[in-house]
Amino acid sequence: MLSGFKQFILRGNVVDLAVGVVIGAAFGGVVTALTKDLLTPLIAALVGKPDFSQIAFAVRGTAFPVGDFINALVSFLLIAATVYFFVVTPLNALMARMHRAPKPADPTTKKCPECLSEIPIDAKRCSFCTQPVMGRAA
């Protein structure tokens, strides 16, 4: 039972997924810091608010801190845009390059100009009508 668990854990997909989650969490922290420390004050300077997290409204004494949601939304959009433009788009371009359609093979036959039968490309005479055939392409 323990060897099966060891085999499962050491399988490539599980390790790749674990690495992806750890890198994603670290990257999320970087983007959150970028949003909170640079972009939010920049946008707040344009709008006139010092920080989105301070934006709130109250209905019958209940506070709705909308600013935290705006910060999370901006952070999500930045993460999504970064992943799309710096991971998905280049990976799609790389995959398209790798999976190009194979170059068509050189023709091995040609048509006889007299009877239009398929004959080998190096043939000098048609095997069906015995007409002489010149060159590789007739």
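# Exercises on contacts and exposure

By the N–O distance rule, the count comes to 1 salt bridge. The model is predicted.

## Exercise 1: the salt bridge

Task: Which residues form the salt bridge, and how far apart are the closest N and O atoms? Classify the exposure of each partner.

Solution.

Step 1. Begin with the general idea. Side chains of opposite charge can pair when their charged atoms come close.

Step 2. Name the pair. Lys111 bridges to Glu118. The closest N and O atoms are 3.4 Å apart.

Step 3. Apply the cut-off. A salt bridge requires the nitrogen within 4 Å of a carboxyl oxygen, so a separation of 3.4 Å qualifies.

Step 4. Classify Lys111. Its relative accessibility is 42%, so Lys111 counts as partly exposed.

Step 5. Classify Glu118. Its relative accessible area is 43%, so Glu118 is partly exposed.

## Exercise 2: a lysine without a salt bridge

Task: Where is Lys110 placed? Which side chain of opposite charge is nearest to Lys110? Which backbone oxygens does the Lys110 side chain reach?

Solution.

Step 1. Locate the residue. Lys110 sits in strand E3, which covers residues 109–111.

Step 2. Check burial and charge. Lys110 is buried, yet has no salt bridge. The nearest side chain of opposite charge belongs to Asp122, 6.8 Å away.

Step 3. Compare with the cut-off. A salt bridge needs the atoms within 4 Å, so Asp122 at 6.8 Å does not qualify.

Step 4. List the backbone contacts. The side chain of Lys110 reaches the backbone oxygen of Ile121 at 3.2 Å. The Lys110 side chain also reaches the backbone oxygen of Ala123, at 3.4 Å.

## Exercise 3: aromatic pairs

Task: How many aromatic pairs does a search of the whole structure find? Give the geometry of each pair.

Solution.

Step 1. Recall the descriptors. A pair of aromatic rings is described by the distance of the centres and the angle of the planes.

Step 2. Count. The search finds 2 aromatic pairs.

Step 3. Take Phe57 and Phe64. Their ring centres are 5.1 Å apart, with 15° between the planes. Planes under 30 degrees apart count as stacked, so this pair is stacked.

Step 4. Add exposure. Phe57 has 44% relative accessibility, so Phe57 counts as partly exposed. Phe64 is partly exposed too, with a relative accessible area of 37%.

Step 5. Take Tyr84 and Phe85. The centre-to-centre distance is 5.1 Å, and the planes make an angle of 80°. An angle over 60 degrees counts as edge-to-face, so that is the class here.

Step 6. Add exposure again. Tyr84 is partly exposed, with a relative accessible area of 45%. Phe85 has a value of 54% and is exposed.

## Exercise 4: helix H3 and a nonpolar patch

Task: Which residues make the nonpolar surface patch of about 540 Å²? Place Phe85 and Val88 in the secondary structure. How far is Val88 from Val66, C-alpha to C-alpha?

Solution.

Step 1. List the patch. Val83, Tyr84, Phe85, Phe86 and Val87 make it.

Step 2. Place Phe85. Helix H3, residues 66–98, contains it.

Step 3. Place Val88. Val88 is also found in helix H3. At 30% relative accessibility, Val88 counts as partly exposed.

Step 4. Read off the separation. Val88 and Val66 are 22 residues apart along the chain. Their C-alpha atoms are separated by 31 Å.

## Exercise 5: Asp37

Task: Is Asp37 buried or exposed? How far apart are Asp37 and Arg97?

Solution.

Step 1. Place the residue. Asp37 is part of helix H2, residues 12–47.

Step 2. Classify it. Asp37 counts as exposed because its relative accessibility is 54%, and exposed means over 50%.

Step 3. Compare sequence and space. Asp37 and Arg97 are 60 residues apart in sequence. In space, the C-alpha to C-alpha distance is 39 Å.

Notes
Residues numbered from 1 in each chain as written. Predicted model: local features only at pLDDT ≥ 70, side-chain atom pairs only at ≥ 80, totals over all residues. Heavy atoms only, no water. Patch = residues over 30% accessible without salt bridge, like charges linked within 9 Å, V, L, I, M, F, W, Y side chains within 5 Å. Areas by Shrake-Rupley, 256 points an atom, 1.4 Å probe, with all protein chains shown as cover. Helix = DSSP H or I, 4+ residues; strand = E, 2+ residues; numbered from the N terminus. Buried < 20%, exposed > 50% of the residue type's maximum accessible area, 1.4 Å probe, protein only. Phe/Tyr/Trp six-rings, centres within 6.5 Å; stacked < 30°, edge-to-face > 60°. Lys, Arg positive; Asp, Glu negative; His and termini not counted. Polar contact = N/O pair within 3.5 Å; in protein donor to acceptor, adjacent residues only side chain to side chain.
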